[in-house]
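Here is a friendly walk through one model, with an eye on its enclosed spaces, its sheet and a few backbone details. Have the viewer open as you read.

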Amino acid sequence: MGDAENTEDAYGTPSAASYKALRFETTNGIARITLDRPPANVLSVDTMREINSALEALEYQREVKLVVLAATGKYFSPGFELGDHLGDRAYVMLEEFHRIFENLAKTDKPSLAVVAGPALGAGSLLAAGCDIVYASASAKFGHPEVKGGVFNPLAAALLPRLVGRKKAFEMLLGGQSLSAADAEKYGLITRAVPDDKLEAEAAALIQRFQDGSSVVLQSARRAMGGALDLPLPEAIRHAEDVYLNQLMATEDADEGLKAVMAKRKPVWKDR
């Protein structure tokens, strides 16, 4: 966990420079947000504020090519702090959780969740909200909240879009958990990886992003992210607009095409 003293703005949001419940660093174009709240990385209101602070701090960091979300310990996260469900605290809890998804949706930085332990409830959605999800074979995903007399509103809205209506009803209303293999089968995660290979597989993927151009990756993420909820004709127009009017005006698009034609490795300027 970070050693620096945590500071807050007028709204109670942590500064981007110091965190208590996570580690946040950017190195060689990779921004890493690592949940670090022993013993299980429960998502308290303060923890979610820190996640949002980290995500929002990346908005103007043009050098970032990938955001990696991971966790220390045996759990990725078992979900919300139980006490935050009670009284007026529930409104704040849901608002902060909702804001995480707004930040993940609007960013032009691709995101990767690396899940090495159980991801349940809000923890399951937090991982699934990333663009790419690699999980260890022993990880599991699920929504047991109904057993405690509640449900996750964002899961009710998002889960049918992620895994399909039938499986979403079974998971949310039946409290069923999925193995990593089944989570891959239903599209909740990208890939289930043997436990002893997760770190290497994630590192190999991260390296591919490091080898790319930040401006090209961000343009492609902007094209895909902005088109997800649009009708197909509008989605195509949006992607074409990003390609023609944003990407093709960059030096890296010109360099990449010249490198392919010359059969050489591109030298990115990240602009």
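A cavity, on a 1 Å grid over the protein atoms alone, is a set of points where a 1.4 Å probe fits but cannot get out. Please keep in mind that this is a predicted model.

**Enclosed space**

With that definition, a search of the whole structure turns up three cavities of 30 Å³ or more. The largest cavity has a volume of about 50 Å³. Its lining consists of Ile-33, Ile-51, Leu-55, Val-67, Leu-69, Ile-100, Leu-104, Ser-111, Leu-126 and Cys-130. Two or more of the lining residues come from each of helix H1 (45–57), S3 and helix H2 (89–106). By class, nine residues of this lining are nonpolar, one is polar and none is charged.

**Open pockets**

Two pockets are worth setting side by side.

| Pocket | Volume | Lining by class | Largest share of the lining |
|---|---|---|---|
| Largest | about 1000 Å³ | 20 nonpolar, six polar, five charged residues | H8, six residues |
| Second largest | about 310 Å³ | ten nonpolar, two polar, three charged residues | H7, five residues |

In the largest pocket, with about 1000 Å³ of space, 31 residues form the lining, and Gly-129, Cys-130, Asp-131, Arg-221 and Leu-228 are the closest to its centre. The elements giving two or more residues to this lining are H2, helix H3 (122–128), S6, helix H4 (153–163) and helix H8 (214–227). Cys-130 also belongs to the lining of the largest cavity.

The second largest pocket has 15 lining residues, with Arg-32, Ala-70, Ala-71, Val-114 and Glu-199 nearest its centre. Here S2, S3 and H7 are the elements that give two or more residues.

**The sheet**

How are the strands ordered? Six of them form an open sheet, in the order S1-S2-S3-S4-S6-S9, with mixed pairing. Strand S1 (22–27) and strand S9 (191–193) stand at the edges with a single partner strand each, so one side of each has no neighbour in the sheet. On average, neighbouring strands are turned by 15° against each other, direction ignored.

Strand S2 (residues 30–35) runs parallel to strand S3 (residues 66–71), and six bridges join them. One of the bridge partners to look up is Leu-66 in S3, which is matched with Ile-30. Helix H7 (residues 198–210) packs on the sheet and touches S1, S2, S3, strand S4 (111–115), strand S6 (132–136) and S9, its direction making about 160° with that of S6.

S3 also pairs with S4 in the parallel sense, over three bridges; here Leu-69 has Ala-113 of S4 as its bridge partner. Is S4 enclosed or open to the outside? Five of its five residues are buried, so S4 is largely enclosed by the rest of the structure. Ser-111, Ala-113 and Val-115 on one side, and Leu-112 and Val-114 on the other, are all buried, which leaves both faces of the strand covered.

**Backbone details**

Most residues other than glycine have a negative phi, and most peptide bonds are trans. With that in mind, a few places deserve a click. The peptide bond from Pro-38 to Pro-39 is cis, with omega near 5°, and Pro-39 sits in the loop between S2 and H1. Asn-28 has a positive phi, near 50°, and is placed in the loop between S1 and S2. At 62% relative accessibility, Asn-28 counts as exposed. Asp-270, in the segment after helix H10 (251–262), also has a positive phi, near 55°. At 34% relative accessibility, Asp-270 counts as partly exposed.

Key: Residues numbered from 1 in each chain as written. Predicted model: local features only at pLDDT ≥ 70, side-chain atom pairs only at ≥ 80, totals over all residues. Heavy atoms only, no water. Pairing = 2+ DSSP bridges. Helix = DSSP H or I, 4+ residues; strand = E, 2+ residues; numbered from the N terminus. Axes fitted to C-alpha atoms, helices over the stretch in contact; angles between N-to-C directions. Contact = heavy atoms within 4.5 Å. 1 Å grid on protein atoms, 1.4 Å probe; cavity = no way out; pocket = protein on both sides within 12 Å on 5 of 7 lines; lining within 4 Å. Points joined across faces, edges and corners; volume = space filled by probe spheres on them. Nonpolar A, V, L, I, M, F, W, Y, C, P; charged D, E, K, R; others polar. Buried < 20%, exposed > 50% of the residue type's maximum accessible area, 1.4 Å probe, protein only.
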